[in-house]
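Hi everyone, thanks for having me. I'll walk you through one protein today, so take a moment to look at it with me.

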Amino acid sequence: VIDLYRDPDRPDDPIAIRDQYIQFVTDIWFTAPTAMMAQAASAHPVGVYLYEFQPCTSYYNTTRPSYVRADHGDDLFYTFGIPFLRDVTGDSWKYSFTEEERQLSLDMMAHWVNFATN
């Protein structure tokens, strides 16, 4: 298993080792349990649906290191329309999401509504 995470071209590169560790931990904490649960559920006569959220939210550009992509729960901002919140005056956006992120939020909300109603 360790060979799946090692980069033979950069065995001593601290950046490569960090990235490999992040991928390993992500797989242990999130990917593997999710895949195992989906596989177990698919043995029953029910629909099983998964998605992986990968976009790096611009809101975190100043607080997260550049190597961190989407974090656990980041999709909730988009699912609940947080990019569309206005400030207290209602004249400007409360958070600095990009137009592309606002469109992603619209798309995700539409997909969830479609999923919930079908």
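**A walk through the model**

So, confidence to begin with: within the protein, the lowest is in α1, with a mean of 94, and the highest is in helix α3, residues 99–117, at 97. Keep in mind that this is a predicted model. Across the protein the mean pLDDT is 93, and 100% of the residues reach 70 or more.

Okay, the layout. We've got 3 helices and 0 strands, so reading from the N terminus the order is just α-α-α. The radius of gyration is 18 Å, well over the 13 Å that the globule rule gives for 118 residues, so the protein is more spread out than a compact globule. Along its principal axes, the C-alpha trace spans about 55 × 45 × 20 Å. And buried residues? They make up 19% of the 118.

Let's zoom in on two residues. Is S105 buried or exposed? S105 sits in helix α3, and it counts as buried because its relative accessible area is 0%, where buried means under 20%. Setting aside neighbours within four places in sequence, S105 is in contact with F77, Y78, G81, P83 and F84.

Now W29, over in helix α1, residues 14–41. W29 counts as exposed because its relative accessibility is 60%, and the cut-off for exposed is over 50%. W29 has company, too: together with Y21, I22, F24, I28, F30 and Y67, it forms a nonpolar patch on the surface. The accessible area of that patch adds up to about 720 Å².

For the whole protein, the accessible surface is about 9,100 Å², with 60% of that belonging to carbon and sulfur atoms. That's my tour, thanks!

Conventions
Residues numbered from 1 in each chain as written. Predicted model: local features only at pLDDT ≥ 70, side-chain atom pairs only at ≥ 80, totals over all residues. Heavy atoms only, no water. Patch = residues over 30% accessible without salt bridge, like charges linked within 9 Å, V, L, I, M, F, W, Y side chains within 5 Å. Areas by Shrake-Rupley, 256 points an atom, 1.4 Å probe, with all protein chains shown as cover. Salt bridge = Lys/Arg side-chain N within 4 Å of Asp/Glu carboxyl O. Helix = DSSP H or I, 4+ residues; strand = E, 2+ residues; numbered from the N terminus. Buried < 20%, exposed > 50% of the residue type's maximum accessible area, 1.4 Å probe, protein only. pLDDT = per-residue confidence, 0-100. Contact = heavy atoms within 4.5 Å. Rg over C-alpha atoms; globule rule 2.2 N^0.38 Å.
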